[in-house]
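Colleague: Can you walk me through this one before I head back to the bench? I'd like to ask about it piece by piece.

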Amino acid sequence: MERKDRPFDVIGQLAALRRYARSLVRNSDEAEDLVHDALVRAFEKRKSFRSGGNLRTWLLSILHNAHIDRLRRNRSLTRRHDEAAVEAEQSLPAGQEHAVRLQQVRDAFFDLPEEQREALHLVAIEDLSYQEAAQALGIPVGTLMSRISRARAQLREFEEKTPRVSHLRIIGGNGNESN
């Protein structure tokens, strides 16, 4: 029963929309979200509603289409996640030693003089060409190359000096662990 003075009165249709949404998704919270999405769509497309048309049918149709769109989106997302999981390695080795080593390399990088660090960062991390990096820093290409060479030499020296064994030790256990 619609009022003649307000042909687009969706408030009177909320109960029917909520019932239908709960029937579709079987969860009250998801049903409320679905009704909300449908009402937003209806408001955006209100000009396409034919005056004299059945508002309830139109709104239920929008709700149904919103539900179908959600199902398709969820299936697509699930399929992409499943495909990504197949591509990803199923198990990863413990990363503690790697994390410690990464922190050591990071610290060594940040210990470089600023001009060497910024030059190496632009070329090695940001993947700029020597010309682009030199232009970004406002220095000649030869100066850039010299800074990068000195930075790499310092990092190589760090690599040669730093032992590969981990500083991590097992605490507890049965006493049979080697140090």
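Modeller: Sure, and one term up front: buried means under 20% relative accessible area, exposed means over 50%, and partly exposed is in between. Keep in mind too that this is a predicted model.

Colleague: Then take Arg101: is it buried or exposed?

Modeller: Arg101 has a relative accessible area of 14%. The cut-off for buried is under 20%. Because of that 14%, Arg101 counts as buried.

Colleague: Which residue does the side chain of Arg101 meet in a salt bridge?

Modeller: Arg101 sits in helix α4 (residues 96–111) and its partner sits in helix α7 (residues 141–161), so the pair ties together parts 58 residues apart in sequence. The partner counts as partly exposed, at 29% relative accessibility. The N to O distance is 2.6 Å, and the partner is Glu159.

Colleague: Let me back up to the overall fold. How many helices and how many strands are in the protein chain?

Modeller: From the N terminus on, the elements run α-α-α-α-α-α-α. That fits the count for the protein chain, which is 7 helices and 0 strands.

Colleague: What share of the residues in the protein chain is buried?

Modeller: The cut-off again is under 20% relative accessible area. The protein chain has 179 residues, and the buried ones make up 23%.

Colleague: And of the contacts with a separation of 6 or more, what share comes from residues 24 or more positions apart?

Modeller: Some of the salt bridges give a feel for such pairs: Asp37 and Arg70, for one, are 33 residues apart. For the contacts in the protein chain with a separation of 6 or more, the share from residues 24 or more positions apart is 61%.

Colleague: On to charges. How many salt bridges does the structure hold?

Modeller: Side chains of opposite charge can pair when their charged atoms come close. One of the pairs is Asp37 with Arg70, at 2.7 Å from N to O. That pair links helix α2 to helix α3 (residues 55–87). In total, the structure holds 4.

Colleague: Which residue forms a salt bridge with Asp69?

Modeller: The closest N and O atoms of this pair are 2.8 Å apart. Asp69 is in helix α3 and its partner is in helix α2, 28 residues apart. Asp69 counts as partly exposed at 29% relative accessibility, and its partner, also partly exposed at 24%, is Arg41.

Colleague: Arg147 caught my eye. Which side chain of opposite charge is nearest to it?

Modeller: Arg147 lies in helix α7. Arg147 is buried yet has no salt bridge. Its contacts, leaving out residues up to four places away in sequence, include Glu115, Gln116 and Ile139. The nearest side chain of opposite charge is 4.3 Å away, beyond the 4 Å that a salt bridge allows, and that side chain belongs to Glu118.

Colleague: Now α1. Why do its buried residues count as being on the same side?

Modeller: An α-helix has 3.6 residues a turn, so residues three or four places apart point the same way. In α1 the buried ones are Leu14, Ala16, Leu17, Ala21 and Val25. They are on the same side of α1 because the arc they cover around the axis is only 160°.

Colleague: Which elements do those buried residues of α1 pack against?

Modeller: Ala21 is one of the buried residues in α1. Ala21 touches Leu34, Val35 and Leu63, among others. Taken together, the buried residues of α1 pack against α2 and α3.

Colleague: Which element gives the most residues to the largest nonpolar core?

Modeller: That core has 17 residues, and those touching the most other members include Ala21, Trp58 and Leu59. The elements that give two or more residues are α1, α2 and α3. The top contributor, with 6 residues, is α3.

Colleague: Last one: which residue with a positive phi follows α1?

Modeller: Most residues other than glycine have a negative phi. Asp127 has a positive phi of about 60° although it is not a glycine, and it is found in the loop between α5 (114–125) and α6 (130–137). The residue you want is in the loop between α1 (14–25) and α2 (28–44). Its phi is near 60°, and it is Arg26.

Definitions and conventions
Residues numbered from 1 in each chain as written. Predicted model: local features only at pLDDT ≥ 70, side-chain atom pairs only at ≥ 80, totals over all residues. Heavy atoms only, no water. Helix = DSSP H or I, 4+ residues; strand = E, 2+ residues; numbered from the N terminus. Buried < 20%, exposed > 50% of the residue type's maximum accessible area, 1.4 Å probe, protein only. Arc of directions from axis to C-beta. Contact = heavy atoms within 4.5 Å. Lys, Arg positive; Asp, Glu negative; His and termini not counted. Core = buried A, V, L, I, M, F, W, Y, C linked by side-chain atoms within 4.5 Å.
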